[in-house]
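Work through the following exercises with the sequence and the coordinates side by side, and attempt each task before reading its solution.

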Amino acid sequence: MINQSDLFYLCSLIEVIGRKQKLTRKEVVNALGVKNLDRIYRQAEILHCEPIEKVADEYIEFLNIPDGDFDNVAKCRYLIPDHWTIGKVYQRLIADTLTDDDLISHVIKVYQSWVSDGISDFNSDFYYQPRSYIALCYKENKLIA
């Protein structure tokens, strides 16, 4: 059974690290790796007692997560969604599409999919669509007209 709150924290932390280091969210997930993703998920109840930016800084330093050049925040021409909003989009997508995979494997699959690029494009309205639409697009592996 998924702990929705802990999954939400994990997804929001991935977003914070991505923004700080200017990395695609796929690159962040790859840098964290299975073991750390699982640790963050299992310790989210404790980690959320600290500011999320501090936890992000600790993981960035601990894992030597490099700087990149993906700056979707700077490229955004409209209102920038906060990391909690994007964390919620991912949390819902992961929960809505989880089948027989273990949770962390599914988290990685979602972040490595084309949908992650769509969610990270803040100049589109994709991240703003209903959760059922985003989940259907993920399952169909394409934008649904």
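**Exercise 1.** Which elements are included in what covers the buried residues of α3?

*Solution.* The model is a predicted one, and in it the cover over the buried residues of α3 includes α1 (4-21), α2 (25-47) and α5 (83-97).

**Exercise 2.** Describe how buried and exposed residues are distributed around α3.

*Solution.* Begin with the extent of the helix: α3 runs over residues 52-63, and its 12 residues reach 16 Å from the first C-alpha to the last, close to the 16 Å expected at 1.5 Å a residue. Next, select the residues with under 20% relative accessible area, which in α3 include I52, V55, A56, Y59 and I60. These buried residues lie on the same side of α3, because they cover an arc of only 135° around the axis. The spacing follows a general rule: an α-helix has 3.6 residues a turn, so residues three or four places apart point the same way. Finally, turn to the face directed away from the buried side of α3, where the exposed residues E61 and F62 are found. After the helix comes N64, whose phi is positive, near 50°.

**Exercise 3.** Examine the span, the N-terminal end and the surroundings of α5.

*Solution.* For the span, the 15 residues of α5 should cover 21 Å at 1.5 Å a residue, and this agrees with the 21 Å between its end C-alpha atoms. At the N-terminal end, D82 acts as a cap, with a side-chain oxygen 3.2 Å from the backbone nitrogen of W84. Among the buried residues of α5 are H83, I86, Y90 and T97, and what covers the buried residues of this helix includes α1, α2, α3, α6 (103-111), α7 (114-120) and α8 (131-140).

Note on methods. Residues numbered from 1 in each chain as written. Predicted model: local features only at pLDDT ≥ 70, side-chain atom pairs only at ≥ 80, totals over all residues. Heavy atoms only, no water. Helix = DSSP H or I, 4+ residues; strand = E, 2+ residues; numbered from the N terminus. Expected span 1.5 Å × (residues − 1). Buried < 20%, exposed > 50% of the residue type's maximum accessible area, 1.4 Å probe, protein only. Arc of directions from axis to C-beta. Contact = heavy atoms within 4.5 Å. Polar contact = N/O pair within 3.5 Å; in protein donor to acceptor, adjacent residues only side chain to side chain.
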